[in-house]
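Student: Can we go through this structure together? I want to know how the labels are earned.

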Amino acid sequence: MIEEISTRVCIAGGGPAGMMLGLLLGRAGIDVVVLEKHADFFRDFRGDTVHPSTMNLIDQLGIRDAFERIPHARLPRLDAVVDGIRLHAIDFRSLPKPNRDVTFMPQWDLLDLLAEEARHSPSFRLVMDADVTGVTWTGQHVTGVMAQTPDGELRVRADLTVAADGRDSTVRQALDLGVDQFGVPIDLTWFRLDRPVAPVPDTLGYLRDGSVLITIPRPEYLQCGLLIPKDGFSDVKAAGMDAFRDRIRRVAPRLGSVVDGLRSWDQVKLLSVQIDRVQRWSRGGALCIGDAAHAMSPVFGVGINYAVQDAVAAANILVPVLRESGVGPAAIDRALVRVERRRRMPTTLMQRVQMVVHGVIGRGRDMVVLHNPPTMGERLAIRLVLPLVRPLIARLVGYGFRPERIDADVLGESGSR
Ligand SMILES: Cc1cc2nc3c(=O)[nH]c(=O)nc-3n(C[C@H](O)[C@H](O)[C@H](O)COP(=O)(O)OP(=O)(O)OC[C@H]3O[C@@H](n4cnc5c(N)ncnc54)[C@H](O)[C@@H]3O)c2cc1C
C-alpha cells in the first residue's frame, strides 16, 4: 500500500538548501515536508564552512546560543602557504561586526541544528530515510513526488515541489530543465590527517610545484583535500600510496610527521568536482535551489552558503504568495520565476570566479602563483596590492554576490522563539 501525505510544499533533500527552506517555511506557518534519503546527516564529504553571510542569518533566526553550544573552530583569517611563503590571503576582520570570521563546523551538526529548530514549528515535517524516486504530474504541472522509505512507497502531494537534492538531483532530472555543464580540470581526494604534535598555524591551503592541499581544521584532526587532475584517481592509485604521501610531504612539509597515518586507499575518498547550472530553475509547480540548480566547486567553500542564500530568497518571495488564500498555481509559478531572477546572477558570477581559479590551479606543474624567493614584482604585489584587495576578497568569500536577509514577514514578529 502507498502511504500518502498532502502538504503545501514538498522539499526533496535535507541538505543546507532544503533544511533552511524547510525551517523558514515552517516558521512562517506554511505546511512543509522535507524528504531526506539518508537516515542521518552524517556525511563526511560535506563541506564544513559557515561563512559570515550564513552567520548573519543564524543571528536573524535567533539560534546563536544553540549554534555556540556545538563544537566548532573559528578563523578570522585564512592563510595560504605558497611555495613555503605564508600569505594572509583572506582577512574577515574588515567585514562589519559581529560576524567577522569563517566558522568550521561539521555540516551534519549544522543540519541537526536546523532540523531541531525546524521541529518546533507544527507545520514542519522531516521524513528521514525517504529516497525521492520521481515527481508526479498532472499534464505539465508537477503535483508532488514519489519516495521510497523502509516502510514502502510514499506519495507526497504538494502545491509546490522543491528540488534541493544536490548536484545529482533526481527531481531536477525528472523536470528536464536542461543543464549547462562547465568543464572542470580537477577532482579532489579527501582524507583525514592527525593534527601534528608541534602546533601548525591554522592554514586553509598549501600550494607548491603544481600541487594544492586544502587543510580544514576540525577540533580533533585536519580534514584534507589534495587536488588531482580530473578523472586521474586511478593513475594516482597506480602510482602507489608512497608516492601519494610524498606528494603531501612536498606540498606541506610541516605535516610530514602525520602523513604516515595514511596507510590504505580505504582512507582516501574521491570527490568529483563539478560546476553546472540549470537553464531554467523552475517549471509548473517545481523549483530547483542549491546544488540542484547550480553545482558549486569547493573553491572558496561557498557552496553551503549559496545553497542557504537560495533558500532565504525562495522563502522571502514564496511566503507572501503561499499565505494568500485561494492562490492558484499560476501565481506560484510566477513567484518561482522571481526566485530564479534573484539568484541566477549571484550564482553565475560566483561560478565564473571559481572557473578562473580552476584555470590557475588546474595547470598542474605549469601553475606559477609565486616564486620563492618572490620576484621584485611579486614582493610589491604582496606588500602593496594584497592589502588593498584583501577586504574585497573577504567580502567576496564571506558574503558572495548579493547576500540575502530574511524578511520580517518570514521571520514572524520576534525573529526568535
Ligand atoms: C569536494 C567538495 C568540497 C566542498 N567543500 C565545501 C565547503 O567546505 N564549504 C562549502 O560551503 N561548500 C563546499 N562544497 C560545496 C557544498 O558541499 C555544496 O554546494 C552544498 O552542500 C550544496 O547544498 P545543497 O543543500 O544544495 O545540496 P547537498 O548538500 O548536496 O544536499 C542534498 C541533500 O539531498 C539528499 N538527497 C539526494 N538525493 C535525494 C533523493 N533522491 N531523495 C531525498 N534526498 C536526497 C542528500 O542526501 C543531501 O542530504 C564542496 C563541494 C565539494 C564537491
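Tutor: We will take one helix, then a cavity. Keep in mind that this is a predicted model.

Student: What makes residues 376-399 count as helix α10?

Tutor: A helix is a DSSP run of at least four residues. Helix α10 has 24 residues, so the label fits the definition.

Student: How do you know what span to expect for α10?

Tutor: The rule is 1.5 Å times one less than the number of residues. For α10 that gives the expected 34 Å. The helix reaches 33 Å from its first C-alpha to its last, close to that value.

Student: Where does α10 have a kink?

Tutor: At Leu-386, shortly before the proline Pro-387. The kink is about 50°. That value is the angle between axes fitted to the seven residues ending there and the seven starting there.

Student: Why is Leu-386 called buried?

Tutor: Buried means under 20% relative accessible area. Leu-386 is listed as buried, so its value falls under 20%. Among the others buried in α10 are Arg-390, Val-397 and Tyr-399. The cover over the buried residues includes α2, β6 and α9.

Student: What makes the space lined by Val-397 and Tyr-399 a cavity?

Tutor: A 1.4 Å probe fits there but cannot get out, so the space is called a cavity. The largest cavity holds about 30 Å³. His-51, Asn-305 and Gly-400 are also among its lining residues. α8 and α10 each supply at least two residues of the lining.

Student: How many lining residues are nonpolar, polar and charged?

Tutor: Four are nonpolar, six are polar and none is charged. Gly-398 is in that lining, and Gly counts as polar.

Note on methods: Residues are numbered from 1 along each chain as its sequence is written. This is a predicted model: local features need pLDDT of at least 70, side-chain atom pairs count only at pLDDT 80 or more; totals for chains, interfaces and linings use all residues. Side-chain values use heavy atoms; hydrogens and water are left out. Buried means under 20% relative accessible area, exposed over 50%, partly exposed in between (1.4 Å probe, protein chains only). Contact means heavy atoms within 4.5 Å. On a 1 Å grid over the protein atoms alone, a cavity is a set of points where a 1.4 Å probe fits but cannot get out, and a pocket is an open set with protein on both sides within 12 Å along at least five of seven lines; lining residues have an atom within 4 Å of a point. Grid points are joined across faces, edges and corners, and a volume is the space filled by probe spheres set on the points.
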